[in-house]
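Grab the viewer and work through these exercises at your own pace. Each one gives you a task, then a solution in steps.

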Amino acid sequence: MKEPVRVAVTGPAGNIGYAILFRIASGAMFGPDQPVHLSLLERPNPRSSAALKGVMMELADCAFPLLKSMRAEQDPREAFRDADYALLIGARPRGPGMERADLLEANAAIFREQGRALNETASRNVKVIVVGNPCNTNAWIAMKNAPDLAPECFSAMLRLDQNRAMAMLAEKTRTDVTDIRHMAVWGNHSPSMAPDIWNATVKGEPADNFVTDQWIREEFIPTVGKRGSAIIAARGASSAASAASAAVDHMHDWALGADDWVTMGVPSDGSYGVPEGMIFGFPCIAKGDGTYEIVKGLTLNEEQQARIAKNIADLEEEMAAVKAFVPD
Ligand code: NAX
């Protein structure tokens, strides 16, 4: 058995929280030989505190052999103390009458505070995934407010978009998801994201040989981009179990490695014309030692380049709107 790791989770009383905690504690995220200590940060209101208490009672009732301890926190500095991993899931949802700018600002305040707290108390090698939306910009704010941590400690979740793209392509080509490789989704976790079928393969052959251009443009790309809204329309609630599963995949592969590309929102190193430091979805290689590399040298056709440019412009606009929340 390995030494236990400390895992901090924000928003544990929410929908995704309920779907993810049991998988972290069961070993699905960090492996069957990796004990964990859980630190759970919720908002300090009676409803959230009571809901969290219930979730913790259920976690205890599972008698997970790998769950060594858990504690509820209300102060981010305490929640992140010595954290090896931080899953920033809790965020402000869009309320009635709330403008997009209000939503960006409400979340910017949360992620500024959490970035500062991570900077102060987390392990110097902490691995952070931001799930709470707008996740790319929220991750950027947290990263910028944590100047003593390497930018590579921070990431945003685009893995759900990759998983959705793989499932859709497997269904269309009547293959198994394990036959699909090198599927990446570039950019911002928003409907303008750029799923990349042109660099993907199905059973080792170029994926675009199996489908028509019309299907790619009219079905595949828009359906992946709008899948979140389609789930809300069908279920009456936003994706929770699939989002939790994607976060498990993201952290698992980052910590332990993967034999295929993984899509991660990570600080750009300037590759493919994406401005340095912008948190952008790239195909990455998770090397198995807790580090990753952006896949280099891919060919992007003109329409994909235009989609990437649109994602850059959208993110620049979001980042400009929350500029007051990051240090110069
Ligand atoms: P819920 O509203 O069910 O849960 C959010 C929880 O976070 C609540 O318990 C709330 O009290 C808590 N919270 C809010 N602010 C907090 C703070 N400052 N500190 C600690 N806890 C805080 O939302 P849920 O369905 O769990 O979704 C969480 C976030 O994930 C949302 O922002 C959502 O938009 C985002 N998503 C991101 C996805 C992605 O692919 N990146 C996909 C799924 C999901 O839409």
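A quick term first: helices (H or I, at least four residues) and strands (E, at least two) are DSSP runs, numbered from the N terminus. What you see is a predicted model, where local features need pLDDT of at least 70, side-chain atom pairs count only at pLDDT 80 or more, and totals for chains, interfaces and linings use all residues. Residues are numbered from 1 along each chain as its sequence is written, and side-chain values use heavy atoms, with hydrogens and water left out.

**Exercise 1. Find the loop that holds Tyr-272, then check its phi and its exposure.**

Step 1. Look between strand E12 (262–267) and strand E13 (279–286): Tyr-272 sits in that loop.

Step 2. Its phi is positive, about 55°, although Tyr-272 is not a glycine.

Step 3. For exposure, buried means under 20% relative accessible area, exposed over 50%, and partly exposed in between (1.4 Å probe, protein chains only). Tyr-272 has 23%, so it counts as partly exposed.

**Exercise 2. Do the same for Asp-82.**

Step 1. Asp-82 belongs to the loop between helix H3 (76–79) and strand E4.

Step 2. Phi of Asp-82 is near 60°, again a positive value in a residue other than glycine.

Step 3. Asp-82 is partly exposed, because its relative accessibility is 46%.

**Exercise 3. List the buried residues of helix H1 and say what covers them.**

Step 1. H1 runs over residues 15–26, and its buried residues are Ile-16, Gly-17, Ile-20, Leu-21, Phe-22, Ile-24 and Ala-25.

Step 2. A general point helps when you look at such a list: an α-helix has 3.6 residues a turn, so residues three or four places apart point the same way.

Step 3. The cover, judged by contact (heavy atoms within 4.5 Å), includes strands E1 (5–10), E2 (36–41), E3 (67–73) and E4 (85–88), along with helices H2 (46–61) and H9 (241–256).

Step 4. Just after H1 comes Gly-27, with a positive phi near 105°.

**Exercise 4. Work out whether the length of H9 agrees with its residue count.**

Step 1. The expected span of a helix is 1.5 Å times one less than its number of residues.

Step 2. H9 has 16 residues, so it should span 22 Å; its end C-alpha atoms are 22 Å apart, which agrees.

Step 3. While you're there, look for the buried residues of H9, among them Ala-243, Val-248, His-250, Met-251 and Trp-254. Gly-257 follows H9, and its phi is positive, near 95°.

**Exercise 5. Describe what surrounds the ligand.**

Step 1. Count a residue as near if one of its heavy atoms lies within 4 Å of the molecule. There are 24 residues around the ligand, and Asn-15, Ile-16, Glu-42, Arg-43 and Asn-133 come nearest.

Step 2. Sort the shell by type: eleven are nonpolar, eleven polar and two charged. Here Ala, Val, Leu, Ile, Met, Phe, Trp, Tyr, Cys and Pro count as nonpolar, Asp, Glu, Lys and Arg as charged, and the others, Gly among them, as polar.

Step 3. H1 and helix H4 (100–121) each supply at least two residues of this shell.

Step 4. Now the atom pairs. Backbone N or O atoms of Gly-11 and Val-131 lie 3.4 Å and 3.3 Å, respectively, from a nitrogen atom of the ligand. An N or O atom in the side chain of Asn-133 is 2.9 Å from a ligand oxygen.

Step 5. The ligand on its own has 880 Å² of accessible area, and the protein covers 84% of that (Shrake-Rupley method, 1.4 Å probe).

**Exercise 6. Follow the chain from Asn-133 into helix H5.**

Step 1. Asn-133 is in the loop between E5 and H5, and at 38% relative accessibility it counts as partly exposed.

Step 2. The peptide bond from Asn-133 to Pro-134 is cis, with omega about -5°.

Step 3. Leaving out residues up to four places away in sequence, Asn-133 touches Ala-91, Asn-107, Asn-138 and His-189.

Step 4. Nine of the ten residues of H5 are buried, so H5 is largely enclosed by the rest of the structure.

Step 5. One of the buried residues is Asn-136, at 1% relative accessibility. A polar atom of the Asn-136 side chain lies 2.9 Å from the backbone oxygen of Ile-279.

Notes:
A polar contact is a pair of N or O atoms within 3.5 Å; within protein, one must be able to donate a hydrogen and the other to accept it, and residues adjacent in sequence count only if both atoms are side-chain atoms.
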